[in-house]
Amino acid sequence: MTATHFDPDTVIRLVGDAVTAPSMHNAQPWKFVFHNGSGALALYGDPDRAMPRTDPDHRSLHLGCAAALFNLRVSAASIGLPVSVQLLPDNAEPWLLATVTIDETASADSELASLHDAIPRRHTSRYPFSEEPVPTALWDGLWTAARLEGCRLTVPDTWHIDTVLGLVRDAEHREEIDPLARAETTAWTSRTESARGTRRDGIPAAAFGPKASGGPAPVRDFGWANPIPDRGWAVFEKRPQLALLSTSGDTRADWLRAGQAMERVLLQATADGLTTSMTSHPLEWPELRWPARDPVAAMGHVQMVFRLGYGPAGPDTPRRPLTEVLEIRE
């Protein structure tokens with residue numbers, strides 16, 4: 001395909017892939033604006049979908065929007081469109097996070113295109129994984145995926161895994177005793193059993209997964225906010241396989257790079273046959289986020305904690321219609 005400007009039909013296709021990205025509490029805090037005259041596609045953060053208590057600096061909001069941006073890049077590559085991305089292009093518009101245009105001087109990225117089939121298959125799984133270890137070759141591929149986006153992926157040692165799991169439990173306790181944090185989680189979860197209910201955002205009950213039996217689960221438990229009957233119990237893996245995504249800085253630009261790296265790692269893991277989930281709640285508390293880092297790593301700002309392995313795939317979660325997230329202007 002050769003083109004110098006996006007057209008509306010292509011934009012609809014690209015944004016349709018973009019919005020399948022993960023975001024904190026599945027809030028989907030993005031808005032796309034296509035300028036038909038210039039052919040530029042702009043990505044905005046949506047402040048109405050921010051979480052002032054648990055994400056006061058909007059770090060997680062930036063991560064989710066950047067994950068959507070990465071999906072858009074993959075989608076464009078899959079149809080032979082090389083694109084150029086400019087992050088934070090206008091200081092006067094803080095909610096304008098990126099602009100995307102067709103790059104006439106480049107060719108489409110085949111490595112990005114190869115991840116396209118993983119976009120609809122990537123789902124967060126809050127179910128137990130097996131004890132089967134992830135092969136070293138796959139870890140190497142995930143490390144490379146993070147590096148390609150300017151970030152670092154670290155596989156913690158045993159002591160570090162214990163530290164991170166301890167921080168997970170601490171974060172859960174802090175949220176339970178903080179009324180504002182509890183209110184935010186409750187607002188973004190649902191008792192609806194079906195993932196395809198009337199609500200088009202948030203975490204439906206079908207995605208909660210089982211309650212942990214015999215010890216704490218290495219995943220976020222949304223069930224306490226909106227308890228449902230007959231949810232079921234399960235034994236989770238004794239030694240979860242975790243990875244930390246980190247950056248050298250902690251600016252808005254770093255968050256946008258980290259969100260793209262996060263989605264690249266998730267799509268690569270999905271393409272490799274792995275099941276994934278993310279554990280972000282220790283990072284929502286400043287006093288817990290710092291101890292989560294690898295103390296000897298140069299990139300010391302942890303942006304996401306991944307859990308990877310082999311287990312049941314997570315269910316689809318709802319998505320807002322494109323009419324709510326895409327605006328086309330002349």
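This report describes the sheets, nonpolar cores and one buried histidine of a predicted model.

## The five-stranded sheet

An open sheet of five strands, with mixed pairing, follows the order β3-β4-β2-β1-β11. Its edges are formed by β3 (83-87) and β11 (326-329), each of which pairs on one side only. On average, neighbouring strands of this sheet are turned by 20° against each other, direction ignored.

Within this sheet, strand β2 (residues 40-45) and strand β4 (residues 96-102) run antiparallel and are joined by four bridges. One position in this pairing is A42, which stands opposite T99 in β4. Helix α2 lies across β1 (30-35), β2, β3 and β4, and runs at about 155° to β2.

## Strand β8 and its partners

Strand β8 (residues 241-247) is largely enclosed by the rest of the structure, because seven of its seven residues are buried. In a regular strand, side chains alternate between the two faces of the sheet. Both faces of β8 are covered: Q241, A243, L245 and T247 are buried on one side, and L242, L244 and S246 are buried on the other.

β8 pairs with strand β5 (residues 152-154) in the antiparallel sense over three bridges, and L245 of β8 is the bridge partner of L153. The pairing of β8 with strand β10 (residues 301-309) is also antiparallel and extends over seven bridges. There, T247 stands opposite H301 in β10.

## Nonpolar cores

Nonpolar side chains tend to be buried together in soluble globular proteins. The largest nonpolar core of this model has 52 residues, of which F6, W30, F32, L41, L245 and F306 touch the most other members. Helix α2 (residues 59-78) supplies the largest share of this core, nine residues.

Leaving aside residues up to four places away in sequence, F32 touches V15, A18, V19, L41, A42, L43, A68, L72, V325, L326 and E327. A second, separate core comprises 14 residues, including V164, L165, L283 and L288.

## The environment of H281

H281 is located in the loop between β9 (275-278) and α8 (286-289). With a relative accessibility of 1%, H281 falls under the 20% cut-off and therefore counts as buried. Apart from neighbours within four places in sequence, H281 is in contact with V168, A171, E172 and R220.

Technical notes
Residues numbered from 1 in each chain as written. Predicted model: local features only at pLDDT ≥ 70, side-chain atom pairs only at ≥ 80, totals over all residues. Heavy atoms only, no water. Helix = DSSP H or I, 4+ residues; strand = E, 2+ residues; numbered from the N terminus. Buried < 20%, exposed > 50% of the residue type's maximum accessible area, 1.4 Å probe, protein only. Contact = heavy atoms within 4.5 Å. Pairing = 2+ DSSP bridges. Core = buried A, V, L, I, M, F, W, Y, C linked by side-chain atoms within 4.5 Å. Axes fitted to C-alpha atoms, helices over the stretch in contact; angles between N-to-C directions.
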